[in-house]
Amino acid sequence: MRNRTTIAGVAAAAIGLGSYLMLRPEIVETRHVPITTKIVFNREIAQIFQKKCFQCHTDGNVSVPLTTYKEARPWAVAIKEEILERKMPPWGAASGYGHFANDMSLTGREISLILSWADGGAPSGVLLVDEDKQPVYVPSLTGWEHGEPDVVLKVAADKKVAPDAPYRVERFDVATGLKSAKWLRSLQLDPADRRGIRYAAIYEARSGRWLGTWTPTSKVSPMPAGAGVQLAAGARLSVEVGYKGNVEAGEVPGSGDLGLYFYEKAPSQPAQSIEIASAAAVNVAPAKTGERVRAQTTIKAATTVASIWPRPGQGARSVEVTAIRPDGVVDPMLWVNNYRADWPSAYILKEPVSLPAGTRLVMTAYYDNATDAAIAARPAVSITAVPPSRPAATLER
Ligand code: HEC
């Protein structure tokens with residue numbers, strides 16, 4: 001008797017709950033959470049996500065879409081955790097060591113708004129009743145940010161990324177097909193599919209000179225204003241692409257179009273390239289933590305640093321670039337204290353930094369080897385700089 005009641009009760013509850021779930025799945029999850037915040041998705045949160053998350057969290061993109069309340073609400077707790085652990089948005093640089101134009105880190109205010117929203121019951125807000133509606137503009141995933149490039153090259157034409165592919169970097173040789181020398185002004189990758197691609201770094205193949213890096217958050221890689229790099233007729237590029245499989249997406253193309261923009265006539269100054277690299281690979285023993293690898297270079301003529309592309313490689317926990325001026329003044333240029341090899345980034349200085357001749361540029365990378373094989377660490381940093389600008393023209397009569 002008792003048994004039967006119980007079974008019937010459970011069945012009735014199951015049917016009731018079942019139909020409820022079918023009608024409004026998201027309500028089941030949220031109805032018992034009291035709303036204790038005035039911060040709402042459709043106002044404050046969507047605006048922050050537009051600036052710092054939609055580069056990767058939209059439909060057809062590298063991770064789950066977070067553009068509508070319906071999409072974002074189930075992730076509220078996960079969002080809070082990712083932000084507290086500094087995993088999202090991926091941005092490794094510590095604040096206070098250089099100021100960067102492409103800084104993706106959340107401001108203190110943005111963090112407190114998101115935490116208040118997530119802790120306060122993650123309300124949608126009254127501005128929009130429709131939970132499927134995108135309250136703010138969602139940028140397009142494809143296309144050229146700065147209009148049609150002068151040359152469009154195919155990268156990795158036949159490459160496919162398997163759904164379970166672990167993170168992996170591959171290199172492709174790309175012919176520019178240039179008939180005459182051209183001055184490079186800027187470049188951009190337009191991936192065929194964003195779901196399997198993490199970044200692409202572009203080098204001039206013969207010299208190995210770094211030309212620019214594409215990431216979902218820094219799509220265009222310009223030369224410093226008024227400066228360019230000359231590409232010779234017939235120049236070839238070496239394009240390095242970071243891939244990672246995407247289980248939800250299945251197999252996706254790993255190809256992309258690389259757009260190059262040229263100056264119409266020679267720019268006022270050539271961009272300079274500074275490399276800091278350790279001469280030989282240093283072995284980091286298995287299970288070793290905090291192994292330090294250091295390299296440096298001294299600049300011979302005064303220069304102005306515009307962007308930094310650190311490449312500490314596998315196993316790196318942090319990488320640091322410091323300028324030591326001839327008078328002994330130490331200038332921290334960049335400290336990536338939260339380095340993730342699967343989320344590399346170039347760092348574009350907000351205000352280029354001028355350094356006198358004789359300045360030492362020192363790179364320090366720290367490695368944790370969690371694997372049971374030695375890691376060959378050979379960190380390098382590429383820097384794009386320009387000659388110091390001439391003093392403002394004297395008044396002419
Ligand atoms: C550069 C791309 C990028 C940006 C910008 C970014 N994310 Fe992510 N996010 C990812 C990827 C890719 C994943 C999947 C996990 C991984 O591979 O790191 C992820 C995972 C997550 C997850 C966990 C989802 C899961 O599958 O477990 C949450 C939550 C999240 N991101 C929230 C955010 C928020 C909030 C922002 C903005 C403040 C943000 N992300 C910005 C790329 C990005």
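**Exercise 1. Determine which strands pair with β5 and how enclosed β5 is.**

Solution. Start with the pairing to strand β6 (residues 210–214): four bridges join β6 to β5, and the two strands run antiparallel. The model in which these bridges are found is a predicted one. Within this pairing, alanine 200 has tryptophan 214 of β6 as its bridge partner. Next, consider the connection: β5 and β6 form a hairpin with five residues between them, and glycine 208 in the turn has a positive phi of about 75 degrees.

Then turn to the pairing with strand β9 (residues 236–243). Seven bridges join β9 to β5, again in an antiparallel arrangement. Here alanine 201 stands opposite glutamate 240 in β9.

Finally, assess burial. Eight of the eight residues of β5 (residues 197–204) are buried, so the strand is largely enclosed by the rest of the structure.

**Exercise 2. Describe the coordination of the iron atom of the ligand and place its protein donors in the fold.**

Solution. First identify the protein donors: His57 contributes NE2 and Met88 contributes SD, at 2.0 to 2.2 Å from the iron atom. Next, establish the geometry. Six donors count as octahedral if opposite donors are over 155 degrees apart and all others between 65 and 115. The six donor atoms here subtend angles of 83 to 178 degrees, which makes the arrangement octahedral.

Then locate the two residues. Histidine 57 lies in the loop between α3 (41–52) and α4 (69–72), and methionine 88 in the loop between α5 (76–84) and α6 (108–119), so the pair ties together parts that are 31 residues apart in sequence.

Now compare accessibility. A residue is buried under 20% relative accessible area and exposed over 50%, with partly exposed in between. Histidine 57, at 12%, therefore counts as buried, whereas methionine 88, at 28%, counts as partly exposed.

A last step concerns the backbone after the methionine donor. Methionine 88 and proline 89 are joined by a cis peptide bond, with omega about -15 degrees. Proline 89 lies in the loop between α5 and α6.

**Exercise 3. Establish the strand order, edges and twist of the two open four-stranded sheets.**

Solution. Take the sheet with the order β13-β22-β16-β19, whose pairing is antiparallel. Its edge strands are β13 (272–277) and β19 (347–355), each of which pairs on one side only. From one strand to the next, the twist averages 30 degrees. Strand β16 (residues 303–311) is joined to β19 by five bridges, and serine 307 stands opposite isoleucine 348 in β19.

Then take the sheet with the order β15-β20-β17-β18, also an antiparallel arrangement. The edges are β15 (289–298) and β18 (330–336), each pairing on one side only. In this sheet the twist averages 15 degrees from one strand to the next. Six bridges join strand β17 (residues 316–324) to β18, and valine 321 stands opposite leucine 334 in β18.

**Exercise 4. Characterise the surroundings of threonine 303.**

Solution. Begin with its position: threonine 303 belongs to strand β16. With a relative accessible area of 2%, threonine 303 is buried. Next, look for side-chain polar contacts: the side chain of threonine 303 makes one with the side chain of glutamine 272, at 2.6 Å. Then widen the view to contacts beyond neighbours within four places in sequence. Those of threonine 303 include Ile274, Val353, Leu355, Ala385 and Pro388.

**Exercise 5. Two alanines have a positive phi; decide whether each is buried or exposed.**

Solution. Alanine 122 has a positive phi of about 50 degrees although it is not a glycine. Alanine 122 is found in the loop between α6 and β1 (151–155). Its relative accessibility is 0%, so alanine 122 counts as buried.

Alanine 287, likewise not a glycine, has a positive phi of about 65 degrees. Its place is the loop between β14 (282–284) and β15. Because its relative accessible area is 65%, alanine 287 is exposed.

**Exercise 6. Summarise the fold in overall terms.**

Solution. Count the elements: the protein has six helices and 22 strands. Next, consider burial, where buried residues make up 45% of the 397 residues. Last, examine the contacts with a separation of 6 or more: residues 24 or more positions apart account for 81% of them.

Terms used
Residues are numbered from 1 along each chain as its sequence is written. This is a predicted model: local features need pLDDT of at least 70, side-chain atom pairs count only at pLDDT 80 or more; totals for chains, interfaces and linings use all residues. Side-chain values use heavy atoms; hydrogens and water are left out. Donors are N, O and S atoms within 2.8 Å of the metal (3.2 Å for Na, K and Ca); water is not among the atoms, so sites may look incomplete. Four donors count as tetrahedral if all angles lie between 85 and 135 degrees; four count as square planar and six as octahedral if opposite donors are over 155 degrees apart and all others between 65 and 115; anything else is irregular. Buried means under 20% relative accessible area, exposed over 50%, partly exposed in between (1.4 Å probe, protein chains only). Two strands pair if DSSP finds at least two bridges between them. Axes are lines fitted to C-alpha atoms, for helices over the stretch in contact, and angles run from 0 to 180 degrees between N-to-C directions. A polar contact is a pair of N or O atoms within 3.5 Å; within protein, one must be able to donate a hydrogen and the other to accept it, and residues adjacent in sequence count only if both atoms are side-chain atoms. Contact means heavy atoms within 4.5 Å.
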